Amino acid sequence: MKKWVCTVVAVALMLSAVGCTRDKPAETVTDGFSCRVAAAYREMNVEGDLRCAEDGDLSLTFTLPKSLQGVTLGWDGDQITMALGDMQMDVPADSVPQSALIRCLSRVLTAPHGAGTDTDDGYVVKGEVEDTDYTITFDSASGLPRSLSVPDEELEATFTDCTRLTEE
């Protein structure tokens with residue numbers, strides 16, 4: 001009887017450990033990836049293709065709204081580049097508000113992220129950068145981003161079709 005009770009307790013402990021333990025992704029990916037992004041930013045809904053290079057440079061090519069379709073914004077930490085077709089214009093960082101969409105995305109993605117919590121939605125990391133709270137959710141298996149929330153900037157973004165960039 002004692003052996004049977006010990007076996008039941010051991011099985012119960014193993015089952016509870018399996019049900020409660022989830023591993024965080026091997027690494028969370030905040031650079032070296034590309035994806036589709038759909039974002040509610042302030043009073044505007046935008047969609048586009050986002051590319052986050054390993055050096056921290058970001059580019060966002062809008063597909064929606066129609067008025068921005070084909071416009072590409074780039075951010076290298078020093079200036080924003082706006083391009084449409086063959087036309088390109090550089091805008092110095094001191095002329096671009098901190099709350100600009102591309103700067104906000106960059107600030108959160110390049111911030112040092114602490115530990116998170118694995119949930120049914122993915123691996124969730126909450127943090128603060130430059131006095132602004134954010135929540136970023138990563139795919140638990142791949143470590144690629146799934147969503148981003150920056151309430152103070154009125155930004156909610158969803159990332160889909162994420163892939164790692166490969167060296168060429």
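This report describes the charged side chains of a predicted model, looking at its salt bridges and at a patch of negative charge on its surface.

## Basis of the description

Because the model is predicted, local features need pLDDT of at least 70 and side-chain atom pairs count only at pLDDT 80 or more, while totals for chains, interfaces and linings use all residues. Residues are numbered from 1 along each chain as its sequence is written, and side-chain values use heavy atoms, with hydrogens and water left out.

## A network of salt bridges

Side chains of opposite charge can pair when their charged atoms come close. A search of the whole structure finds 5 salt bridges, a salt bridge being a side-chain nitrogen of Lys or Arg within 4 Å of a carboxyl oxygen of Asp or Glu. Such bridges link R42, R107, E130 and E153 in a network.

Within this network, E153 pairs with R42, and the closest N and O atoms of the two are 2.7 Å apart. This pair links distant parts of the chain, since E153 stands in the loop between β10 (145-150) and β11 (155-164) and R42 in the loop between β1 (33-41) and β2, 111 residues apart. Helices (H or I, at least four residues) and strands (E, at least two) are DSSP runs, numbered from the N terminus. E153 counts as buried at 11% relative accessibility, whereas R42 counts as partly exposed at 37%; buried means under 20% relative accessible area, exposed over 50%, and partly exposed in between (1.4 Å probe, protein chains only).

## The place of R107

R107 also meets E153 in a salt bridge, at 3.8 Å from N to O, and this pair joins helix α2 to the loop between β10 and β11, 46 residues apart. A salt bridge with E130 has its closest N and O atoms 3.8 Å apart as well. R107 lies in helix α2 (residues 101-109) and E130 in the loop between β8 (122-129) and β9 (132-138), so this pair ties together parts that are 23 residues apart in sequence. R107 is buried, with a relative accessible area of 9%, while E130 is exposed at 54%.

## A negative patch on the surface

E27, D31, E54, D55, D76, D78 and D90 gather in a surface patch of negative charge; patch residues have over 30% relative accessible area and no salt bridge, with like charges joined within 9 Å. One of them, D55, is found in the loop between β2 (44-52) and β3 (58-64), and D55 is exposed, with a relative accessible area of 57%.

How values were computed
Patch = residues over 30% accessible without salt bridge, like charges linked within 9 Å, V, L, I, M, F, W, Y side chains within 5 Å. Areas by Shrake-Rupley, 256 points an atom, 1.4 Å probe, with all protein chains shown as cover. Lys, Arg positive; Asp, Glu negative; His and termini not counted. Charge placed at Lys NZ, Arg CZ, Asp CG, Glu CD.
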